[in-house]
Number of protein chains: 2
Amino acid sequence: MTSQAADRPETVGASRRSKITPEREQEFFDAVLAQIRECGYDAITMEGIAASTRCSKSTLYRQWKTKPQFVAAALRSHRRVRFAGIDTGSLAEDLRQAARVAGECSGKDTLLQALGHAVMQDQELQRALREALVEPEIAALREILRRGVERGEVPADHPALEYVPAQMFGVLRMRPVIEGEYADADYLVRFVEAVVLPALGLP
Amino acid sequence: MTSQAADRPETVGASRRSKITPEREQEFFDAVLAQIRECGYDAITMEGIAASTRCSKSTLYRQWKTKPQFVAAALRSHRRVRFAGIDTGSLAEDLRQAARVAGECSGKDTLLQALGHAVMQDQELQRALREALVEPEIAALREILRRGVERGEVPADHPALEYVPAQMFGVLRMRPVIEGEYADADYLVRFVEAVVLPALGLP
DNA sequence: CTGACGTATCGGAACGGGGTCGTATCGATG
DNA sequence: CATCGATACGACCCCGTTCCGATACGTCAG
């Protein structure tokens, strides 16, 4: 059903009519995501993106129809799952490793916070945010838990299992609000050891 | 040092020069906070507030100099601490009670989410948000924990103690993002029983 | 293979429409 | 007679469109 063609009608064979290379396109996306992280969604402007990437507004509007669609496309280009590939053979160590990874890019990836409320106004933006940032991370975390259950480290119906993803992301995002500093790797690892593992009945 | 006079130079004795009664003032504050919850900080306008409260823009600008100062004043008027007054005599029951209270007004008080990133631009707004919304709730929760320690239910140096506030607020705010529905009282109480209490070594 | 040519896309700039901030002016009111 | 509500105003900004000349791609004749 060529569902990915909803983005842009490129790759229609061998003839590339657009002079925008994939690398150039990624520059646009990187620029807009950086500005969103810095100023928030409402504050960014197409004019600002055009200026910071030294392209013209016309070009942006030729490729994407509106600002929310442009941002949504940028989000979809951002599929970098931090929790993918963690598999140490032990659930406890997997969770510690996840905490470390999350802590290391804690201060950087504030996209979710920056998009915050803007997402409630635009359906496409909301879907793009969920599919690009939320669901892949949650799925990777659930996969870690599933393997732990499969190895018999935790009973499949353990009531704390359901809350692990919300806990991890919640604590990650609340520490700046509560204590005024980022949730670094050390903080998160101690959290896993003091709360998550004991609640799961692990050492 | 009359540090509270930074808000408005009212109550300068018996002569009330402004015709705005405290009740009327609260209407302004309620209106702006409601609109922030609904549309986010960036989307609200002084004109919109004036229209919805049937006062004139002039009046708003006479009382508060700018939009961020107006919003900050509204935040400061919002000192309603949900977790205050919880004291059942048992730490476990206090936490369950806190979960219930939090879950009941979960969908309503999205102020923190709505202000989101706007707070990073204005120092005064940031301080007002912390002092009005964050710190009182955290303090009330810490008070609940302190009493539990005092009663000997939990050792004072239990490593999980530090994370309880971040956990509660974190899970409260992450469920809508992760699962797409509000964290109701039932969800939060089950969370307390499945995670928070076991991590603290309570039944 | 080479070189010239058509043409689609690019960057730049301007424009209309809409909107907000914060100020100023006014008559009305209590 | 100070403060209110209403209204208008200037300055600024942004969205999305449209025009234009310049540029580089793709194609094809030689």
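**Exercise 1. Find what share of the 203 residues of chain A counts as buried.**

Step 1. Fix the cut-offs. Buried means under 20% relative accessible area, exposed over 50%, and partly exposed in between, with a 1.4 Å probe and protein chains only.

Step 2. Apply them. Of the 203 residues of chain A, 49% are buried.

Step 3. Know the ground rules. This is a predicted model: local features need pLDDT of at least 70, side-chain atom pairs count only at pLDDT 80 or more, and totals for chains, interfaces and linings use all residues. Residues are numbered from 1 along each chain as its sequence is written, chains are lettered from A and ligands numbered from 1 in the order in which they are written, and side-chain values use heavy atoms, with hydrogens and water left out.

**Exercise 2. Describe the fold of chain A by its helices and strands.**

Step 1. Define the elements. Helices (H or I, at least four residues) and strands (E, at least two) are DSSP runs, numbered from the N terminus.

Step 2. Count them. Chain A has nine helices and zero strands. Its pattern along the sequence is α-α-α-α-α-α-α-α-α.

Step 3. Give the dimensions. The C-alpha atoms of chain A fill a box of roughly 60 × 40 × 25 Å along the principal axes.

Step 4. Look at contacts, meaning heavy atoms within 4.5 Å. In chain A, take the contacts with a separation of 6 or more: residues 24 or more positions apart account for 68% of them.

**Exercise 3. State which residues of helix H4 in chain A are buried, and name elements that cover them.**

Step 1. Locate the helix. H4 of chain A spans residues 67-76.

Step 2. List the buried residues. They are Phe70(A), Val71(A), Ala72(A), Ala73(A), Ala74(A) and Leu75(A).

Step 3. Find the cover. It includes helix H1 (22-39), H2, H3, helix H6 (111-115) and helix H7 (123-150) of chain A.

**Exercise 4. Work out how Arg146(A) and Glu150(A) are placed in helix H7, and what joins them.**

Step 1. Define the link. A salt bridge is a side-chain nitrogen of Lys or Arg within 4 Å of a carboxyl oxygen of Asp or Glu.

Step 2. Check this pair. Glu150(A) and Arg146(A) form a salt bridge, with the closest N and O atoms 3.0 Å apart. They are about one helical turn apart, because they sit four residues apart in helix H7 of chain A.

Step 3. Add a second partner. Glu143(A) also meets Arg146(A) in a salt bridge, 2.8 Å from N to O. Those two lie three residues apart in H7, again about one turn of the helix.

Step 4. Compare exposure. Glu150(A) is exposed, at 61%. Glu143(A) is partly exposed, at 30%. Arg146(A) is partly exposed too, at 39%.

Step 5. Widen the view. A network of salt bridges links Asp87(A), Asp94(A), Glu143(A), Arg146(A), Arg147(A) and Glu150(A). Over all chains, the structure holds 40 salt bridges.

**Exercise 5. Describe the interface of chain B and chain A.**

Step 1. Count the residues. 38 residues of chain B are in contact with 39 residues of chain A.

Step 2. Take the area. Buried area is the accessible area (1.4 Å probe) that two parts lose on being put together, summed over both. Here it is about 3,200 Å², and carbon and sulfur atoms give 62% of it.

Step 3. Name the main contributors in chain B. His117(B), Tyr163(B) and Ile178(B) lose the most area to chain A, together 21% of what that side buries.

Step 4. Look for charge pairs. The rule finds two salt bridges across the interface. Glu162(A) forms a salt bridge with Arg190(B), with the closest N and O atoms 3.4 Å apart.

Step 5. Examine Arg173(A). This residue is in helix H8 (residues 164-179) of chain A. At 19% relative accessibility, Arg173(A) is buried. Leaving aside neighbours within four places in sequence, Arg173(A) is in contact with Leu112(A), Gln113(A), Gln113(B), Arg173(B) and Met174(B).

**Exercise 6. Decide whether Arg54(A) is buried or exposed, and find its phi.**

Step 1. Place the residue. Arg54(A) lies in the loop between helix H2 (46-53) and helix H3 (57-63) of chain A.

Step 2. Apply the cut-off. The relative accessible area of Arg54(A) is 73%, so the residue is exposed.

Step 3. Read the angle. Phi of Arg54(A) is near 55°, a positive value in a residue other than glycine. Most residues other than glycine have a negative phi.
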